[in-house]
Amino acid sequence: MVLRFSARSGVAAIGFFVLCTTPALAEDPPYTIKDGKVEIHVYNGYRRYGDGCMRCHGPDGAGSSYAPDLTASLKRLSEDQFKETVINGRQNLANGQDKVMPAFGTVPDVVNYLDDIYAYLKARSDGKLPRGRPERYDDN
Amino acid sequence: MLTKRTTTRRTLLYVIGALALAGGSASANEELNKLSQDPNQWVMPTGDYANHRHSTLAQINGSNVKDLRPVWTFSTGVLRGHEGAPLVVGDIMYVHTPFPNTVFALDLNNQGKIIWKYQPTQDPNVIPVMCCDTVNRGVAYGDGKIILDQADATVVALDAKTGQVVWSVKNGDPAKGETMTSAPMVVKDKVLVGISGGEFGVQGRLTAYNLKDGKQVWKASTVGPDDQILFDPEKTTVLGKPVGKNSSVATWQGDQWKIGGGGTWGWYSYDPKLNLVYYGTGNPSTWNPHQRPGDNKWSMSIIARNPDTGVAKWVYQMTPHDEWDYDGVNEMILADIDVMGKPTKALVHFDRNGFAYTLDRETGALLVAEKYDPAVNWANKVDVKTGLPDRVAAMSTEKEDHNVKGICPAALGSKDEQPGSFDPKSGLFYVPTNHVCMDYDPFAVSYTAGQPYVGSTLSMYPGPGGNLGNFIAYDAGKGKIVWTDKEPFSVWSGALTTDGGVGFYGTLEGYLKAVDLKTGKELYSFKTPSGIIGNVMTYSHGGKQYVAVLSGVGGWAGIGMAAGLTKSTDGLGAVGAYEQLSSYTQLGGVMTVFALP
């Protein structure tokens with residue numbers, strides 16, 4: 001049920017963009033990468049991902065046997081949908097899946113760095129960042 | 001309805017039968033001890049109290065094991081990681097599952113027909129509070145009851161014949177990150193249970209409940225004041241000396257011990273002659289060592305306790321002030337072996353930190369501590385006199401926001417919960433291992449009840465040689481690896497040895513393998529429907545020997561491994577794309593039972 005709803009809202013969102021906000025398509029990505037190196041926000045996103053998300057979603061956002069591959073999910077989800085899911089959580093208990101994403105809305109180590117986590121995962125999803133620990137260009 | 005009515009009538013008969021059998025119920029311990037020595041049954045998750053996971057059955061042997069084949073299978077209907085092993089008590093097999101923690105009683109006289117099924121209703125919000133998948137390591141049997149540790153920290157006793165709930169007790173609060181994954185153990189008239197949640201800052205503990213009615217008898221914390229950890233400052237010893245007052249609290253800063261972790265989610269063993277139970281404690285919270293100065297006692301320790309009172313006899317901390325998540329919860333195998341040429345009542349423990357420890361299980365004296373994977377590099381050696389590891393400074397993760405590369409083993413450990421086996425005939429230990437290394441980058445985190453309290457990010461990759469696992473034979477008396485079978489993936493399945501001279505284990509791709517115990521030579525393999533993280537067991541029924549294993553990939557092994565690890569880091573051997581486990585296997589809980597034609 002949840003899935004079907006998201007898919008439909010995804011379609012609606014695309015329709016909305018095409019109709020009204022053409023410039024939005026050309027919007028800058030939430031990350032900057034120079035020579036394969038990232039700035040501190042993306043790097044911090046990588047670390048906070050490791051703290052709050054990796055236990056289930058696996059290293060590098062690549063998914064595990066029990067939580068989805070987020071590099072694939074972010075090809076479908078908008079930034080707002082992503083953040084809504086992190087803040088409020090979601091459940092998919094159908095077909096023996098027993099998948100439950102907790103609500104992180106009151107967890108400072110996640111919510112305070114949500115932009116960074118999104119930037120990191122989006123860079124991974126867009127294929128701009130390989131697996132593993134990213135290097136920073138604004139530091140050593 | 002008809003079925004129900006019939007069941008009820010049958011139930012009554014069974015109950016009467018059970019009562020008659022149980023009789024005076026002099027001691028569940030005696031009954032269990034006796035049952036555990038009958039090779040036709042498999043009445044404990046650990047095989048026996050000593051955790052040998054060995055069977056004297058010998059019908060399947062080195063020359064005929066090649067003819068082994070699956071004879072029946074059973075789908076559990078659950079997709080998550082399936083750890084542990086079924087029990088066989090009399091003519092009934094008990095099969096458990098990960099969340100929702102279904103238990104099935106299968107009739108071995110009737111092709112595995114389901115006699116009863118128990119499925120608790122649990123709040124699904126417990127799922128994400130479970131570190132590393134919703135696994136469960138099996139049920140225990142004692143005094144006509146099946147004991148189950150539910151994910152939501154409820155311990156429930158079921159009538160073994162009917163599946164009816166006899167008693168149920170809350171052992172923790174999932175809202176604080178307290179969950180249960182381990183298999184309980186019945187000792188005397190008590191049930192011993194642990195708790196998980198080291199990644200959520202819980203206060204780990206071992207708790208004893210009355211087998212009869214579920215009433216709590218004692219509770220022994222891993223960290224805290226002496227009256228909470230049940231240590232006697234004068235009588236509880238560490239390497240032969242009294243631990244002294246406040247041995248735990250003094251090794252923490254301020255009140256940090258209150259969220260200090262030290263989960264007890266591994267295996268328990270029991271020596272009826274010495275009247276001691278043995279278990280290991282998990283990681284201190286958080287994974288960022290900089291945030292918790294001190295030795296963080298008694299996390300990462302082996303503890304021996306009196307099962308009647310819970311009071312500790314001795315303790316030994318393997319990894320003081322852990323910097324790598326090397327939980328000490330792996331099984332304690334109690335074996336009477338020659339250690340350096342001297343007959344010894346030994347306790348042998350293959351720790352996550354990559355060292356195999358051989359101790360005198362009566363006194364807690366450390367006798368041998370050697371690496372059981374040559375890749376281990378966080379410490380050069382362990383001094384058996386002081387018990388302290390000689391740490392390699394370059395592998396310290398003490399500095400926040402600093403990435404330490406090339407640490408072996410990874411946080412998964414050289415071995416995790418997957419238990420090894422002891423073969424009394426060869427005197428050797430057969431151990432499923434991981435061969436994974438990591439980069440570790442700690443940073444500051446804040447504690448929120450019921451939320452992850454991790455504070456480190458890590459990348460993991462195959463160790464030197466490019467393989468991720470090994471199955472080894474180890475001489476714990478000498479501290480030497482005897483032979484090594486390389487495996488492309490971590491061996492995350494509990495081993496079984498038999499008097500047929502054959503050892504068994506499963507692989508993450510899903511193969512059940514049989515090997516020659518002398519040489520490690522592979523004698524048989526069969527690909528089951530999913531990756532194996534369950535433990536192999538054996539029993540006999542109607543004069544025929546069977547071997548059974550649960551497949552169903554997942555667990556800590558399913559993280560990253562299911563998605564593939566990053567490529568090996570330069571300087572660590574094999575470089576290049578790492579083949580994904582997901583190309584070999586998919587989810588699904590199935591038990592496969594093997595026999596000879």
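**Group meeting talk: chains A and B of a predicted model**

The buried residues of helix 8 of chain A are covered by elements that include strand 1 (33–34), helix 3, helix 5 (70–76) and helix 6 (79–88) of chain A, where covering rests on contact, that is, on C-beta atoms, placed from the backbone, lying within 7 Å. Helices in this talk are DSSP runs of H or I with at least four residues, strands are runs of E with at least two, and both are numbered from the N terminus.

Before going on, I should say that this is a predicted model, in which local features need pLDDT of at least 70 and side-chain atom pairs count only at pLDDT 80 or more, while totals for chains, interfaces and linings use all residues. Residues are numbered from 1 along each chain as its sequence is written, and chains are lettered from A and ligands numbered from 1 in the order in which they are written.

Let me stay with helix 8 for a moment. Of its 12 residues, 10 are buried, so helix 8 of chain A is largely enclosed by the rest of the structure; a residue is called buried if 20 or more other C-beta atoms lie within 10 Å of its own, exposed if 12 or fewer do, and partly exposed in between, again with C-beta atoms placed from the backbone. Among the buried residues are Asp116(A), Tyr118(A), Lys122(A) and Arg124(A). At 1.5 Å a residue, the 12 residues of helix 8 (114–125) should span 16 Å, and the end C-alpha atoms are 16 Å apart, which agrees; the expected span is 1.5 Å times one less than the number of residues. After helix 8 of chain A comes Gly127(A), with a positive phi near 75 degrees.

One residue that meets this helix is Pro29(A), which sits in the loop between helix 2 (22–25) and strand 1 of chain A. Leaving out residues up to four places away in sequence, Pro29(A) touches Lys122(A) and Asp126(A). Is Pro29(A) buried or exposed? Pro29(A) is exposed, because 11 other C-beta atoms lie within 10 Å.

Now to the partner chain. Chain B has 4 helices and 42 strands, and 62% of its 597 residues count as buried. For 597 residues, a compact globule would have a radius of gyration near 25 Å, and chain B has 22 Å, which agrees; the radius is taken over C-alpha atoms, and the globule rule is 2.2 Å times the number of residues to the power 0.38. Along the principal axes, the C-alpha atoms of chain B fill a box of roughly 65 × 50 × 50 Å.

How do the two chains meet? In all, 31 residues of chain A are in contact with 42 residues of chain B. Helix 3 (40–52), helix 4 (54–57), strand 4 (99–101) and helix 7 (108–111) of chain A each supply at least two residues to the side of chain A that touches chain B, and helix 3 gives the most, with 5 residues.

On the chain B side, an open sheet of 3 strands runs in the order 28-31-32 with antiparallel pairing, two strands being paired if DSSP finds at least two bridges between them. Its edge strands, each pairing on one side only, are strand 28 (404–407) and strand 32 (456–462) of chain B. Strand 31 (436–442) and strand 32 of chain B are joined by 7 bridges and run antiparallel, and within this pair Asp439(B) stands opposite Ser459(B) in strand 32. Helix 3 of chain A packs on this sheet, touching strand 31 and strand 32 of chain B, and its direction makes about 85 degrees with that of strand 32; axes are lines fitted to C-alpha atoms, for helices over the stretch in contact, and angles run from 0 to 180 degrees between N-to-C directions.

Which residues of chain B does Gly50(A) contact? Gly50(A) lies in helix 3 of chain A and, leaving aside neighbours within four places in sequence, is in contact with Ser456(B), Thr457(B) and Leu458(B). Gly50(A) is buried, with 23 other C-beta atoms within 10 Å.

I will finish with a second open sheet of chain B, in which 4 strands take the order 29-30-33-34 with antiparallel pairing. Strand 29 (421–423) and strand 34 (480–487) of chain B are its edge strands. Strand 29 pairs with strand 30 (428–434) of chain B over 3 bridges in the antiparallel sense, and Ser421(B) has Tyr430(B) in strand 30 as its bridge partner.

Technical notes:
Two residues are in contact if their C-beta atoms, placed from the backbone, lie within 7 Å.
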